[in-house]
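Q: I'd like to practise reading a model feature by feature. Could you walk me through one?

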Amino acid sequence: MTTSNAMEAAAMPSSISKSAAKITALVVDDDRTNRIMHQMLLKKLGIDNQVVVNGKEAVDAHSSGQSFDLILMDMDMPVMNGIEATRKLRSMGIRSVIAGVSSHSVEGEVGEFIEAGLDDYQQKPLTTAKLLSILHKLAKQATSLSFC
């Protein structure tokens with residue numbers, strides 16, 4: 001383990017680090033570079049992940065029976081954008097943590113994305129710190145669901 005990885009692992013709350021190997025994520029982004037970056041960040045934290053290139057593929061993955069603890073969703077994509085995909089996933093009863101990850105900073109556009117059913121929104125580029133913030137929400141959601 002490198003010094004950088006050791007420091008990040010030490011900074012990771014035990015609730016996240018102990019369960020990271022069990023977490024699955026779906027990266028939804030049409031940009032190849034962003035998909036690779038997001039996959040690498042997730043993998044660095046020990047999180048299994050898959051990628052799709054648009055919102056329709058994300059919906060199709062769930063329709064075929066796949067499920068994920070975390071979905072990193074871009075906003076602007078061809079075929080089905082992140083807003084439509086998030087609305088559709090929520091209407092299907094998908095309770096995964098959906099984090100919008102976009103380069104948009106216009107308040108109205110971000111607001112519409114959040115209202116579609118996001119649990120979190122982070123502006124690109126996604127960093128380890130931003131991903132850890134998302135994972136904190138995932139850990140909180142898992143804790144609250146276990147008490148239901």
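Q: Let's start with charges: which residue forms a salt bridge with Asp-74?

A: Side chains of opposite charge can pair when their charged atoms come close. Here Lys-124 is the partner of Asp-74, and their closest N and O atoms are 3.2 Å apart. A salt bridge is counted when a side-chain nitrogen of Lys or Arg is within 4 Å of a carboxyl oxygen of Asp or Glu. Lys-124 sits in the loop between strand S5 (120-123) and helix H7 (128-146), while Asp-74 sits in the loop between S3 and H5, so this pair ties together parts that are 50 residues apart in sequence. Helices (H or I, at least four residues) and strands (E, at least two) are DSSP runs, numbered from the N terminus.

Q: Before we go on, what kind of model is this, and what filters apply?

A: It's a predicted model: local features need pLDDT of at least 70, side-chain atom pairs count only at pLDDT 80 or more, and totals for chains, interfaces and linings use all residues. Residues are numbered from 1 along each chain as its sequence is written, and side-chain values use heavy atoms, with hydrogens and water left out.

Q: Back to that pair, then. Is Asp-74 buried or exposed?

A: Buried means under 20% relative accessible area, exposed means over 50%, and partly exposed is in between (1.4 Å probe, protein chains only). Asp-74 has a relative accessible area of 5%, so we call it buried. Lys-124 is buried too, with 17%.

Q: Which residues does Asp-74 touch?

A: For contact, look for heavy atoms within 4.5 Å. Not counting residues up to four places away in sequence, Asp-74 touches Val-28, Asp-29, Asp-30, Gly-82, Val-101, Ser-102, Phe-113 and Lys-124. Asp-29 turns up again in a network of salt bridges that links it with Asp-74 and Lys-124.

Q: What does UniProt place at Asp-74?

A: An unreviewed UniProt entry gives the feature "modified residue: 4-aspartylphosphate" there. Read it with some care: UniProt positions are given in the numbering used here, feature names are shortened, and annotations may be inferred rather than shown by experiment.

Q: How many salt bridges does the structure hold?

A: The count is 6. Another one joins Asp-120 to Lys-137, with the closest N and O atoms 3.2 Å apart. That pair links distant parts of the chain, with Asp-120 in strand S5 and Lys-137 in helix H7, 17 residues apart. Asp-120 is buried at 8% relative accessibility, whereas Lys-137 is partly exposed at 34%.

Q: What about a salt bridge in a helix: which residue pairs with Asp-60?

A: An α-helix has 3.6 residues a turn, so residues three or four places apart point the same way. In this model Asp-60 pairs with Lys-56, the closest N and O atoms being 2.8 Å apart. The two are 4 residues apart in helix H4, which means about one helical turn separates them. Asp-60 is partly exposed, with a relative accessible area of 36%, and Lys-56 is partly exposed as well, with 38%.

Q: Which residues of helix H4 are buried?

A: In H4 (residues 55-63), they are Gly-55, Ala-58, Val-59, Ala-61 and His-62. Seen down the axis of H4, these fall within an arc of 155°, so they line one face of the helix (the arc is that of the directions from the helix axis to the C-beta atoms). Their cover includes strand S1 (24-28), strand S2 (48-52), strand S3 (70-73) and helix H5 (82-91).

Q: What caps the N-terminal end of H4?

A: Asn-54 does, with a side-chain oxygen 3.0 Å from the backbone nitrogen of Lys-56. Just after H4, Gly-65 takes a positive phi of about 105°.

Q: Now a surface example: which residues is Glu-112 in contact with?

A: Leaving aside neighbours within four places in sequence, Glu-112 contacts Ile-83 and Arg-87. Glu-112 belongs to helix H6 (residues 107-115) and counts as partly exposed, at 36% relative accessibility. Its C-alpha atom is 7.4 Å from that of Ile-83, which is 29 residues apart from Glu-112 along the chain.

Q: Finally, what pattern does the protein follow along the sequence?

A: It reads α-α-β-α-β-α-β-α-β-α-β-α, with 7 helices and 5 strands. Of its 148 residues, 44% count as buried. Among contacts between residues at least 6 apart in sequence, 65% join residues at least 24 apart.

How values were computed: Polar contact = N/O pair within 3.5 Å; in protein donor to acceptor, adjacent residues only side chain to side chain.
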